[in-house]
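Student: Please take me through this model term by term, setting each value against its definition.

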Amino acid sequence: MKNNKKKIIIGGIILAVLIAIFTVCYFKFYAKPVEGSKKVVIEVVDREGNTTGYKLATDAEFLKQAMDELSKSDKEFSYKGSESEYGIMIEEINGQQAIYDKDNAYWALYVNDNYGEYGADQQPVIDGETYTWKYESVTQ
Amino acid sequence: MKGDKSLFSAKDIAYIGIMIAVIEACKFALSFLPNIELTTFWLIMFTLFYGRKTAILVPVLILVEGAVYGVNTWWIMYLYIWPLLVLMAWLFRKCESALFWAIFSGIFGLCFGGLCALTPFFMGVFTEGISSGFNTAFSFWISGIPWDIVHCVGNFVFMLILFKPIGKVMKKAFHMEQI
């Protein structure tokens with residue numbers, strides 16, 4: 001009976017120590033999600049000319065993927081678009097619609113203040129760049 | 001039975017069949033709960049009450065498992081994990097405390113992932129060397145620790161609750177008929 005008690009105590013200590021070691025090891029070594037390697041800024045210049053900038057660390061290859069990540073992580077940023085033969089046409093950002101046929105306006109993309117050459121799903125994401133979506137009205 | 005000089009009688013073969021059926025039925029019944037199993041409990045109980053003949057039950061069980069679920073890396077892990085459990089239980093067979101066996105089962109459940117990691121370790125060693133084997137095994141073990149803790153708790157609770165009632169039944173089933 002005494003022997004049993006000794007075994008139980010030793011076993012209990014071993015179990016407690018193992019749980020402690022395993023827990024420490026898990027929190028020290030488990031695979032933590034890493035921040036994206038490319039740091040970019042996505043800016044929105046709205047109808048009134050107000051600029052809102054969003055910093056983003058991403059591994060996205062193209063701007064659309066980065067915008068998708070941003071819309072998930074920052075509830076203030078949202079966008080909508082429609083697919084066309086040239087890729088996605090951005091029609092609404094942060095609730096402001098700019099459809100050329102209806103609103104005489106469109107969302108123009110600037111890359112580091114230069115007019116963009118690609119659409120959102122073809123624009124490569126490069127570390128350090130700033131992508132600006134600007135509400136541009138044709139009547140301006 | 002006492003006059004029977006052969007190592008295994010027809011009754012033993014029937015017993016082993018029933019024991020494997022019990023393990024497989026419990027495994028199937030609990031398959032919806034990840035890392036909660038009764039295989040550890042049954043193998044310990046069979047080792048304690050059925051004795052050294054459990055050694056033959058384990059390879060048969062592993063073969064049945066392979067036949068039912070298909071042979072994969074987990075099956076290679078079973079080749080050494082379950083025999084090790086039976087061997088360890090056999091070493092402590094004189095202990096009759098439910099709490100001791102609950103702790104024993106808990107430790108086994110907790111170390112299950114670490115024991116399983118030996119397989120990716122050797123796979124890594126044979127393909128890309130020792131450091132690769134170590135890295136593979138270590139990340140395998142670390143990622144599974146939360147589930148090892150679940151395994152530990154499940155084993156501990158099952159053993160603590162079931163040891164005495166099932167032990168009574170087993171005493172009747174295995175020991176009484178030999179008297």
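The dialogue below treats helices, burial, the nonpolar cores and the contact between chains.

Tutor: This is a predicted model, in which local features need pLDDT of at least 70, side-chain atom pairs count only at pLDDT 80 or more, and totals for chains, interfaces and linings use all residues. Residues are numbered from 1 along each chain as its sequence is written, while chains are lettered from A and ligands numbered from 1 in the order in which they are written.

Student: How do you know that the span of H2(B) agrees with the expected one?

Tutor: Helices (H or I, at least four residues) are DSSP runs, numbered from the N terminus. The expected span of a helix is 1.5 Å times one less than its number of residues. For the twelve residues of H2(B) that gives 16 Å, and the end C-alpha atoms are 15 Å apart, which agrees. Just after H2(B), B:Gly51 has a positive phi of about 85 degrees.

Student: Why is H2(B) called largely enclosed by the rest of the structure?

Tutor: A residue is buried if 20 or more other C-beta atoms lie within 10 Å of its own, exposed if 12 or fewer, and partly exposed in between, with C-beta atoms placed from the backbone. Ten of the twelve residues of H2(B) are buried, so the helix is largely enclosed. Among them are B:Phe41, B:Trp42 and B:Ile44.

Student: What puts the buried residues of H3(B) on the same side?

Tutor: The buried residues of H3(B) are B:Thr54, B:Leu57, B:Val58, B:Leu61 and B:Glu65. They cover an arc (of the directions from the helix axis to the C-beta atoms) of only 100 degrees, which puts them on the same side of H3(B). The face turned away from this buried side carries the exposed residues B:Pro59 and B:Ala67.

Student: Which helices of chain B do the buried residues of H3(B) pack against?

Tutor: They pack against H1 (10-29), H2 (39-50) and H4 (73-91) of chain B, a contact being two residues whose C-beta atoms, placed from the backbone, lie within 7 Å.

Student: What makes a set of residues a nonpolar core?

Tutor: Such a core is a set of buried Ala, Val, Leu, Ile, Met, Phe, Trp, Tyr and Cys residues joined through C-beta atoms within 7 Å. Of the 40 residues in the largest one, B:Phe41, B:Trp42, B:Ile44, B:Trp101 and B:Met159 touch the most other members. H5(B) gives the most to this core, with ten residues.

Student: How many residues does each chain bring to the contact between chains A and B?

Tutor: Chain A brings 15 residues and chain B brings 15 residues.

Methods. Helices (H or I, at least four residues) and strands (E, at least two) are DSSP runs, numbered from the N terminus.
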